[in-house]
Amino acid sequence: MTGGPVLWAAVAWAAFLAAHLALNGRWWLWLLPSLLPPPLFAVVPAAVLVLACAVGDVAAGAMAGTALLIGARQCGLVPGALVRRPALPPEEGTVRVVAWNTQHWCQSTDPDPFYAFLRELDADVYLLQEYHHDEFDGTYRLIDDERRLRATFPGHRVVIARGLITLSRLPVAAVVETAARRTLRVDLELPGGRGRLATFNVHIPVQLRLISPLRADFYRAVRTRAGDRAREYAGLARDVAGCPHPALIAGDFNTTAAIGDARRIARLGADAVPLTGRLCPTSWQPRPGMRWWRLDWVLTTPGARVHSYRFRDPRGLSDHSVQEVTVSLTGPVSRTSADIRPRHRSEGI
């Protein structure tokens, strides 16, 4: 291989990266290129850099190296995860939370192992998404499995709304209306009077419908869902900013580090992912060879302390890994003015 093809490869990737940085999160159609596996933003320029060094093409090497540095934030790698941190010891009042996209609530799996797996997770709080069945036409059908749910978790409070479920061993202090229509906020009283933790159970709409890209409906759906996603993130930002309590925000954001909406996620709270200890954390498509995307996030606001965070194998019951996190409160924190009065609702309790 000569330097010419390597230089053209470097130019092509640099042009793509420039377009990505300029259009990502700003043009609805760029949602499609941003679905590329995020590690490619490191792998491709690194491969071009190696080839450029092999053939002695200085220009291609400089271009590839620059693209590698500029695109580093898009690749989903977490160098901070490699820094060994002393584990925060569990303390009285620490709460174990599970957040999981159930992939349409055992629509295509046997309910018995599904419920057995949920019980085995043995969490104090469950934030579960996709409590519905897929109609495979871009719509979903709500279901009613509440009797079995209550029988399986007799010691938990159950809050159901918007295709989302929050189960809690802790007392439910309030269910608060949210501007985000695909979010369920439930405020919980922590043991021993240690304060109140607001939980935001989040499911951001997916970007596209699984239909042929040769159909106009495919692109209409992408544009519509881009608008839906923008409204969801804007509403969630208002909800979190107006919350007077320390908050845990978790769920399926359908967003990777390479998607422009990651900037919105960063403004919501502190990302717990460095605690996984994984350089390249992934949560979607847990099947071997398909683990390229992280779509699920756990965030906290001041006053909430994360002790541990990991992804767990869903054992074929979902295409999303289980997020497991332990959290406690650091003490009373006032995040907004004292006259904020959240609206309460009794939907689904």
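Start by selecting residues 216-241, which make up helix α7. In this predicted model, α7 lies across three strands: β8 (183-189), β9 (196-203) and β10. Turn the view until α7 and β9 line up, and you'll find the helix running at about 180 degrees to β9.

Now bring up the whole sheet under that helix. It's an open sheet of six strands, in the order β7-β8-β9-β10-β12-β11, and the pairing is mixed. Which strands stand at the edges? Colour β7 (172-176) and β11 (270-271): each has a single partner strand, so one side of each is left without a neighbour in the sheet.

Stay with β7 for a moment. β7 and β8 pair in the antiparallel sense, over four bridges. Follow the chain from one to the other and you go round a hairpin of six residues. For a marker on this pair, show V175, which stands opposite V186 in β8.

Next, move along the sheet to β10 (residues 247-252) and β12 (residues 296-300). These two run antiparallel and are joined by five bridges. Pick G251, and its bridge partner in β12 turns out to be W297.

Time for the other sheet. Select β5, β6, β2, β1, β14 and β13, which is their order across another open, six-stranded sheet with mixed pairing. The edge strands here are β5 (157-161) and β13 (304-312), each pairing on one side only. If you want a number for the twist, neighbouring strands in this sheet are turned by 15 degrees against each other on average, direction ignored.

Zoom in on β1 (residues 95-101) and β14 (residues 322-329). They run antiparallel, with five bridges between them. R96 makes a handy label, since T326 of β14 stands opposite this residue.

Then add helix α5 (residues 111-121). What does α5 lie across? Four strands of the sheet you just selected: β1, β2 (125-129), β13 and β14. Against β1, the helix runs at about 150 degrees.

Two backbone oddities are worth a stop while you're in the area. First try H104, in helix α4 (residues 103-106). Its phi is near 65 degrees, a positive value in a residue other than glycine. Is H104 buried or exposed? The relative accessibility is 13%, so H104 counts as buried.

Then jump to F136, in the loop between β3 (132-134) and β4 (140-142). Phi is positive at F136 too, near 60 degrees, and this is again a residue other than glycine. The surroundings are another matter: F136 is exposed, with a relative accessible area of 66%.

For the last stop, select helix α2 (residues 40-55) and helix α3 (residues 58-70). They pack with their axes 8 Å apart, at an angle of about 160 degrees. Angles over 145 degrees count as roughly antiparallel, and α2 and α3 are therefore roughly antiparallel to each other. Looking at how they cross, α2 passes α3 in a left-handed crossing.

To see what fills the contact, show side chains on both helices. From α2, take F41, A42, P45, A46, V48, L49 and A52; from α3, take A60, G61, A64, G65, A67 and L68. How many of the contact residues are nonpolar, and how many polar or charged? The split is eleven nonpolar, two polar and no charged.

Note on methods: Residues are numbered from 1 along each chain as its sequence is written. This is a predicted model: local features need pLDDT of at least 70, side-chain atom pairs count only at pLDDT 80 or more; totals for chains, interfaces and linings use all residues. Side-chain values use heavy atoms; hydrogens and water are left out. Two strands pair if DSSP finds at least two bridges between them. Axes are lines fitted to C-alpha atoms, for helices over the stretch in contact, and angles run from 0 to 180 degrees between N-to-C directions. Contact means heavy atoms within 4.5 Å. Angles under 35 degrees count as roughly parallel, over 145 as roughly antiparallel, 65 to 115 as roughly perpendicular and the rest as oblique. A crossing is left-handed if the near helix is turned anticlockwise from the far one by less than a right angle, and right-handed if clockwise. Ala, Val, Leu, Ile, Met, Phe, Trp, Tyr, Cys and Pro count as nonpolar, Asp, Glu, Lys and Arg as charged, and the others, Gly among them, as polar. Buried means under 20% relative accessible area, exposed over 50%, partly exposed in between (1.4 Å probe, protein chains only).
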